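What follows goes through one protein chain, from its overall layout to a few backbone details. Please keep the sequence and the coordinates open while reading.

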Amino acid sequence: TSKPEVYRRLGVREYFLYDPTADYLKPPLRGFRLAGDAYCPIEPDATGALISEELDLLLRLEGRDLWLFDRGSGERLLTEVEAGRAALEAERGAREAERAAREAAEAEAAHLRKLLRERGAFPDDDDRDAAPP
């Protein structure tokens, strides 16, 4: 009961309480917004989410899990582990794209060398690195 008073003195405009086991809070996710000198409960929206105006986020329970969503895009914010996995996957994808581009360039170079040889620009393979006439 003393924490809201401390929050108010510190200028905290919103705070949220979450009980993942629902043993102590009913409902297990509650939010409060400073209105004047007192905190008022934040009412859930039509989806049951709480809106954080300060963070521009939606806080939503899905089962026992608390998820945060960007209000503008509607996208769920990733956990640190999920963000790490996504970064690794993006890095893997970039390496794969680089490898594919390199292979395509090598295939194109081989094709062009073949055309030049067919037209007599390279009499034999020893001249592959020489500049065409």
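A22 is found in the loop between β1 and β2. Its backbone stands out there: A22 has a positive phi of about 60° although it is not a glycine. With a relative accessible area of 27%, A22 is partly exposed, since that class lies between the limits of 20% for buried and 50% for exposed. The model is a predicted one, and the angles discussed here are computed from its atoms.

The loop that holds A22 also holds P27. This loop runs between β1, residues 14–18, and β2, residues 29–35. The peptide bond that joins K26 and P27 is cis, with omega at about -5°. The loop between β1 and β2 can therefore be inspected at two points: A22, which is partly exposed at 27% relative accessible area, and P27, which follows the cis bond from K26.

A further positive phi occurs at D56, a residue other than glycine, where the angle is near 55°. D56 sits in the loop between β4, residues 50–52, and β5, residues 57–62. How accessible is D56? Its relative accessibility is 39%, and D56 thus counts as partly exposed.

These loops belong to a chain whose secondary structure consists of 2 helices and 6 strands. In sequence order the pattern is α-β-β-β-β-β-β-α, with a helix at the start of the pattern, then the strands, and a helix at its end.

The overall dimensions come next. Which radius of gyration does the protein chain have, and what would a compact globule of 133 residues have? The chain has 30 Å, whereas the globule would have a value near 14 Å. Along the principal axes, the C-alpha trace spans about 90 × 30 × 25 Å.

Burial and contacts can be read beside these dimensions. Of the 133 residues in the protein chain, 15% are buried, the cut-off being a relative accessible area under 20%. For contacts between residues at least 6 apart in sequence, 24% join residues that are at least 24 apart.

The surface and the charges complete the description. The accessible surface of the protein chain is about 10,000 Å², and carbon and sulfur atoms account for 53% of that area. The chain carries 21 positive and 29 negative charges. The mean position of the positive charges and that of the negative charges are 4 Å apart.

Conventions: Residues numbered from 1 in each chain as written. Predicted model: local features only at pLDDT ≥ 70, side-chain atom pairs only at ≥ 80, totals over all residues. Heavy atoms only, no water. Helix = DSSP H or I, 4+ residues; strand = E, 2+ residues; numbered from the N terminus. Rg over C-alpha atoms; globule rule 2.2 N^0.38 Å. Buried < 20%, exposed > 50% of the residue type's maximum accessible area, 1.4 Å probe, protein only. Contact = heavy atoms within 4.5 Å. Areas by Shrake-Rupley, 256 points an atom, 1.4 Å probe, with all protein chains shown as cover. Lys, Arg positive; Asp, Glu negative; His and termini not counted. Charge placed at Lys NZ, Arg CZ, Asp CG, Glu CD.
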